[in-house]
Amino acid sequence: APSAPSPPCPRLVSPLLASPFLSPSLAPSSAGLSRTYCSAAKEEYPPGPVHSAYDTETKVLSVNLCRPSLHNAWDEELIQEVTRTFKEIPSDCKVVVFSGHGKSFSAGADLNWMQKMVNYTAEENRLDSLTVFDMVAAVRDAPVPVIGLINGAAIGGGAGLVAACDISYGLEDSVFGFTEVKLGLIPAVISPFVLEKNW
């Protein structure tokens, strides 16, 4: 028996963060993104905090954050994998499509991971912050355009990753915010990337 058709993908809204370095003519239509990539947030991927797949025919590298039970919050392993993936983009790649597995793009830093820093020295905290900075910088400095497909929430550091993309598309129910301020935290590490966009 034929398989049931996939449910319709939520409609994508207009580009949120257009980069001055990416011509609008190079950005795929929202309909095209919907057909090609929206299902990526609902597929099952192998274990691991990041899943990447390179299509040698289209030269498109798809990168998905894969901690859906924690809304793709960052920990040490995810940070390392995102950094490595964006620093090892295939030489013939034309574009990267960056999204999140599950209901959210990313909730930013994992609070359980952050709790480990309570007893860190000042130097350990500095080095830890630099690893986060290096991850976001790796996305921003990718040698090819990075298109963010923002499904669900992009909160705190997740919004920082959105800012690092050249251009981003959000679904109608996407949510953006720097909600860490409610916990007495400031978005210090990601601020340079957000301010570059002149929101």
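# A tour of the predicted chain

The chain has six helices and eight strands, where helices (H or I, at least four residues) and strands (E, at least two) are DSSP runs numbered from the N terminus. This is a predicted model, in which local features need pLDDT of at least 70 and side-chain atom pairs count only at pLDDT 80 or more, while totals for chains, interfaces and linings use all residues. Residues are numbered from 1 along each chain as its sequence is written, and side-chain values use heavy atoms, with hydrogens and water left out.

**Whole chain**

Start with everything selected and colour by secondary structure. From the N terminus on, the order of elements is β-α-β-β-α-β-α-α-β-β-α-β-β-α. Of the 199 residues, 46% count as buried; buried means under 20% relative accessible area, exposed over 50%, and partly exposed in between (1.4 Å probe, protein chains only). The exposed area of the chain is about 10,700 Å², with carbon and sulfur atoms supplying 58% of it; areas come from the Shrake-Rupley method with a 1.4 Å probe, and for residues only the protein chains shown count as cover. Among contacts (heavy atoms within 4.5 Å) between residues at least 6 apart in sequence, 71% join residues at least 24 apart.

**Helix H2**

Select residues 76–87. The 12 residues of helix H2 should span 16 Å at 1.5 Å a residue, and the end C-alpha atoms are 17 Å apart, which agrees. The expected span is 1.5 Å times one less than the number of residues.

Now show side chains. Leu 78, Ile 79, Val 82, Thr 83, Thr 85 and Phe 86 of H2 are buried. They cover an arc of only 165° around the axis, which puts them on the same side of H2; the arc is that of the directions from the helix axis to the C-beta atoms. Turn to the face away from this buried side to find the exposed residues Gln 80 and Lys 87.

To see what covers the buried residues of H2, add strands S2 (50–55), S3 (60–65), S4 (95–100) and S5 (146–150), together with helices H3 (111–115) and H4 (122–140), which are among the covering elements.

**Salt bridges within helices**

The structure holds eight salt bridges, each a side-chain nitrogen of Lys or Arg within 4 Å of a carboxyl oxygen of Asp or Glu. Side chains of opposite charge can pair when their charged atoms come close.

Stay on H2 and select Glu 81 and Arg 84, whose side chains meet in a salt bridge (2.8 Å, N to O). Being three residues apart in helix H2, Glu 81 and Arg 84 are separated by about one helical turn. Glu 81 is partly exposed at 23% relative accessibility, and Arg 84 is partly exposed at 36%.

Move to helix H4 for Glu 123 and Arg 126, three residues apart and about one turn of the helix. Their closest N and O atoms are 2.8 Å apart in a salt bridge. Arg 126 counts as partly exposed at 45% relative accessibility, as does Glu 123 at 40%. An α-helix has 3.6 residues a turn, so residues three or four places apart point the same way.

**Arg 67 and its partners**

Select Arg 67 and Asp 110, which form a salt bridge (3.3 Å, N to O). Arg 67 lies in the loop between S3 and H2 and Asp 110 in the loop between S4 and H3, so the pair ties together parts that are 43 residues apart in sequence. Both Arg 67 and Asp 110 are buried. Add Asp 75: Arg 67, Asp 75 and Asp 110 are linked in a network of salt bridges.

**A nonpolar patch**

Next, select Leu 111, Leu 183 and Leu 185, which make a nonpolar surface patch of about 280 Å². Patches are made of residues with over 30% relative accessible area and no salt bridge; like charges are joined within 9 Å, nonpolar side chains (Val, Leu, Ile, Met, Phe, Trp, Tyr) within 5 Å. Leu 111 sits in helix H3 and counts as partly exposed at 48% relative accessibility.

**Glu 180 and helix H5**

Select Glu 180, in the loop between strand S8 (175–177) and helix H6 (191–196). Glu 180 counts as buried at 14% relative accessibility. Leaving aside residues up to four places away in sequence, Glu 180 touches Gly 156, Gly 157, Leu 185, Ile 186 and Pro 187. A distance label from Glu 180 to Gly 108, 72 residues apart along the chain, reads 9.2 Å between C-alpha atoms.

Finish on helix H5 (residues 157–164), which is mostly covered, with eight of its eight residues buried. These include Gly 157, Leu 161 and Val 162.
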